[in-house]
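Hi there,

Here is the structure I promised to pass on to you. Please have it open while you read the notes underneath.

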Amino acid sequence: MNAELLITHANLITWEEPNRILEGYALLLRDGLIRELGASPKLETRYPSVERLDARGQYVMPGNICAHTHFYGAFSRGLSIPGAAPDAFPQILKKLWWPLDLALDEEAVRCSALVCLVEAVKHGTTTLFDHHASPNAIPGSLDVIAEAVEQTGLRAVLCYEVTDRNGQAGAKAGIEENVRFLKKICQSSAVSRQGSRLSATFGLHASLTLSDKTLEACREAAPHGTGFHIHVAESEVDQYDSLEKSGSRVVDRLQRFGLLGPDSICVHAVHVDAREVALLAETGTWVTHQPRSNMNNAVGIGEVESMLRAGVRVGLGNDGFSNAMWEEWKTAYLVHKVWRRDPRRMSASDVTQMAVYNNAALAGRFFPGAPLGVIQPGARADLIFVDYHPFTPLTFGNLPWHIIFGFHESMITTTLVAGKVLMKDRQLQVLDEEAIAHRARQAASRVWARYRSNVRD
Ligand SMILES: [Zn+2]
């Protein structure tokens with residue numbers, strides 16, 4: 001169990017509903033949870049012998065949550081794609097992601113997770129939903145990532161993306177890896193439900209690489225109550241494929257196979273129609289929005305505001321872009337305006353609804369037992385310190401605009417998860433970044449060599 005820690009002289013951003021900003025406060029942490037908050041002098045007097053962490057007037061707020069990412073994508077950084085540049089999303093899959101994930105071995109899986117987790121600690125992202133693929137190293141791959149998560153001290157929800165593109169044996173191995181890891185998490189959670197920093201979903205790549213038979217097999221293999229994590233209608237091609245294969249649109253198809261529900265995550269949902277939006281809302285299925293990825297892949301931008309209005313719970317992910325969630329906030333805020341040629345689109349309040357409240361509610365389903373993403377007594381002590389000095393008034397009402405126009409991840413100085421300090425005054429406390437980067441570069445050169453031979457196939 002963690003020792004107690006008293007964070008003093010903090011300006012708290014609580015992310016309660018409604019949000020509060022409390023200046024000159026202290027937080028008492030014990031056993032991974034926030035136990036008490038109050039005026040700093042009062043708590044300092046009450047707990048004179050508890051170890052202290054002086055926030056020196058910085059903003060202290062819940063850590064950011066990423067609702068969809070791919071650690072394995074780390075090795076795409078700086079990678080050149082041979083031949084002509086991909087002209088559309090299907091070619092991006094065929095020329096970049098599929099030859100790259102085939103090139104991953106166990107060491108590459110471990111290194112790619114570690115480098116992303118180092119970045120997450122530095123950029124204040126304390127909970128991440130990963131969606132993993134390594135077709136030539138499937139069995140045990142989620143354990144390798146879980147070990148990296150345990151080592152870094154962060155919180156993560158893991159899954160393996162099942163696909164038919166590597167044959168029946170590949171699909172079967174993916175299903176088995178999900179089931180094995182889900183059962184393992186379930187057993188360990190039964191022992192320490194509140195203390196666990198790991199959780200799991202059942203991963204599926206996308207409708208366009210999954211046959212009816214495999215969808216059925218996934219549904220049958222998944223332990224009762226399991227949610228599914230799948231890319232949905234990222235490009236129009238996913239819809240064309242689903243209509244041709246099954247005569248129904250993607251979300252209808254997933255509904256038919258019993259894959260929607262309040263623990264399932266449909267990633268992107270850029271090209272869904274009104275009936276699909278209604279199905280997502282009716283089933284309580286989560287949608288995640290990844291605007292940087294949508295721009296990079298040139299797939300269009302989903303009707304996020306309409307989905308929110310229709311009652312769909314939309315969260316914010318990064319799809320393997322940097323684990324710096326305010327960058328995703330800023331992109332979401334800006335891209336909808338230019339996409340619709342209307343500066344009134346995508347208010348900072350909608351961005352906050354997705355990135356803060358919806359992401360926290362989603363994460364809460366996978367880490368039950370104590371609230372997450374909020375500062376209040378009894379909530380999980382996942383916190384970041386932000387060294388921000390506003391030169392205009394900052395209130396709970398205009399905070400989202402301060403975050404979008406003023407906050408940068410470089411201002412994050414300290415990161416805690418479950419009450420444990422992972423970074424203090426910009427110094428990593430648990431991880432050796434230089435050693436991890438060195439090891440990753442060795443693995444990356446081997447991955448890139450294999451990628452070049454795969455992409456020529
Ligand atoms: Zn993705």
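Below is what turned up, starting with the metal site and moving on to the backbone. Please keep in mind that this is a predicted model.

**The zinc site**

Four residues coordinate the zinc ion: His68, His70 and His231, each through NE2, and Asp319 through OD. The distances run from 2.0 to 2.2 Å. Along the chain, the donors follow the spacing H-x1-H-x160-H-x87-D. Within this set, His70 and His231 link distant parts of the chain, being 161 residues apart. His70 sits in the loop between β6 (64–69) and α2 (89–102), whereas His231 belongs to strand β11 (residues 228–232). His70 counts as buried because its relative accessibility is 7%, and His231 is buried as well, with a relative accessible area of 7%.

You may want to know which geometry the 4 donor atoms give the site. The answer is irregular, with angles of 93 to 159 degrees among them. Four donors count as tetrahedral if all angles lie between 85 and 135 degrees, so the upper end of the range, 159 degrees, rules out that label here.

**A residue in the loop after β6**

Asp87 is also found in the loop between β6 and α2. Its relative accessibility is 64%, so Asp87 counts as exposed. From Asp87 to Glu409 the C-alpha to C-alpha distance is 33 Å, and the two are 322 residues apart in sequence.

**Backbone points**

If you plan to look through the torsions, three places may interest you.

- The peptide bond between Glu17 and Pro18 is cis, with omega at about -5 degrees. Pro18 is located in the loop that connects β1 (5–13) and β2 (21–30).
- Ala418 has a positive phi near 50 degrees, though it is a residue other than glycine. Its place is the loop between β16 (412–417) and β17 (420–424). With 17% relative accessibility, Ala418 counts as buried, because the cut-off for buried is under 20%.
- Arg426, again a residue other than glycine, has a positive phi near 70 degrees. This residue lies in the loop between β17 and β18 (427–428). Arg426 counts as partly exposed, because its relative accessibility is 45%.

So where do the two residues with positive phi stand, buried or exposed? Ala418 is buried and Arg426 is partly exposed.

Happy to talk any of this through whenever it suits you.

Best wishes

Key:
Residues numbered from 1 in each chain as written. Predicted model: local features only at pLDDT ≥ 70, side-chain atom pairs only at ≥ 80, totals over all residues. Heavy atoms only, no water. Helix = DSSP H or I, 4+ residues; strand = E, 2+ residues; numbered from the N terminus. Buried < 20%, exposed > 50% of the residue type's maximum accessible area, 1.4 Å probe, protein only. Donors = N, O, S within 2.8 Å, 3.2 Å for Na, K, Ca; no water. Tetrahedral: all angles 85-135°; square planar, octahedral: opposite > 155°, others 65-115°.
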